[in-house]
Amino acid sequence: MKFVRWFLGRLILTIDFLTRPKPVVRAKNAQDAIDAVTTKMSLYQFQACPFCVKIRRQIRKHSLHIELRDAKNNEAFKDELTREGGKHKVPCLRIENGPQNVKWLYESKDIKSYLEAEFGLAA
Ligand SMILES: N[C@@H](CCC(=O)N[C@@H](CS)C(=O)NCC(=O)O)C(=O)O
């Protein structure tokens, strides 16, 4: 079972690598404006999770510079996600609008919709 999961993970990563979208190129001021917002975001994720791959592809396609945090192998990120986010489930987008205003957004469908709405992205 462990091998099957490992194999499927490698397959997903290979297909993702071979078909990954080309990042959009924006005017510098437009990209700077987006970067100023994405600097407050981080994505807790596992490398071979298909739901995380979906979000990483969206991030790449739209050139969103969101920090990726490995919640499988990095114990600090894993603890943070469970303790502050409420559950150890990925993907989860952490959005910080000040120290007292941190939002933990779970569910790939909701993260995708949130990013589309926030940055006016085409689906
Ligand atoms: N419906 C969720 C499914 C997410 C999900 O099942 N994630 C798995 C990894 S692929 C997970 O976090 N499992 C918890 C764990 O392995 O600890 C979504 O679309 O985001």
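**Exercise 1.** Which residues surround the ligand?

*Solution.* The model under study is predicted. In it, the shell around the ligand consists of Phe-46, Cys-49, Phe-51, His-88, Lys-89, Val-90, Pro-91, Glu-107 and Ser-108. Sorted by character, this shell comprises five nonpolar, two polar and two charged residues.

**Exercise 2.** Identify polar contacts of the ligand, and state how much of its area the protein covers.

*Solution.* A polar contact requires a pair of N or O atoms within 3.5 Å.
- Step 1: an N or O atom in the side chain of His-88 is 3.1 Å from a ligand oxygen atom.
- Step 2: for Val-90, a polar backbone atom lies 2.9 Å from an oxygen atom of the ligand.
- Step 3: a nitrogen atom of the ligand is 2.8 Å from a polar side-chain atom of Glu-107.
- Step 4: on its own the ligand has 520 Å² of accessible area, of which the protein covers 65%.

**Exercise 3.** Determine the strand order of the sheet and explain why β2 and β4 each have one side without a neighbour.

*Solution.*
- Step 1: the open sheet has four strands, ordered β2-β1-β3-β4, with mixed pairing.
- Step 2: β2 (67–70) and β4 (102–106) occupy the edges and each has a single partner strand, so one side of each lacks a neighbour in the sheet.
- Step 3: from one strand to the next, the twist averages 25°.

**Exercise 4.** Describe how β4 pairs with β3, and locate helix α4 relative to the sheet strands.

*Solution.*
- Step 1: β3 (residues 92–96) and β4 run antiparallel and are joined by five bridges.
- Step 2: Lys-103 in β4 stands opposite Ile-95.
- Step 3: helix α4 (residues 75–85) lies across β1 (41–45), β2, β3 and β4, at about 100° to β4.

Notes
Residues numbered from 1 in each chain as written. Predicted model: local features only at pLDDT ≥ 70, side-chain atom pairs only at ≥ 80, totals over all residues. Heavy atoms only, no water. Near = heavy atom within 4 Å. Polar contact = N/O pair within 3.5 Å; in protein donor to acceptor, adjacent residues only side chain to side chain. Areas by Shrake-Rupley, 256 points an atom, 1.4 Å probe, with all protein chains shown as cover. Nonpolar A, V, L, I, M, F, W, Y, C, P; charged D, E, K, R; others polar. Pairing = 2+ DSSP bridges. Helix = DSSP H or I, 4+ residues; strand = E, 2+ residues; numbered from the N terminus. Axes fitted to C-alpha atoms, helices over the stretch in contact; angles between N-to-C directions. Contact = heavy atoms within 4.5 Å.
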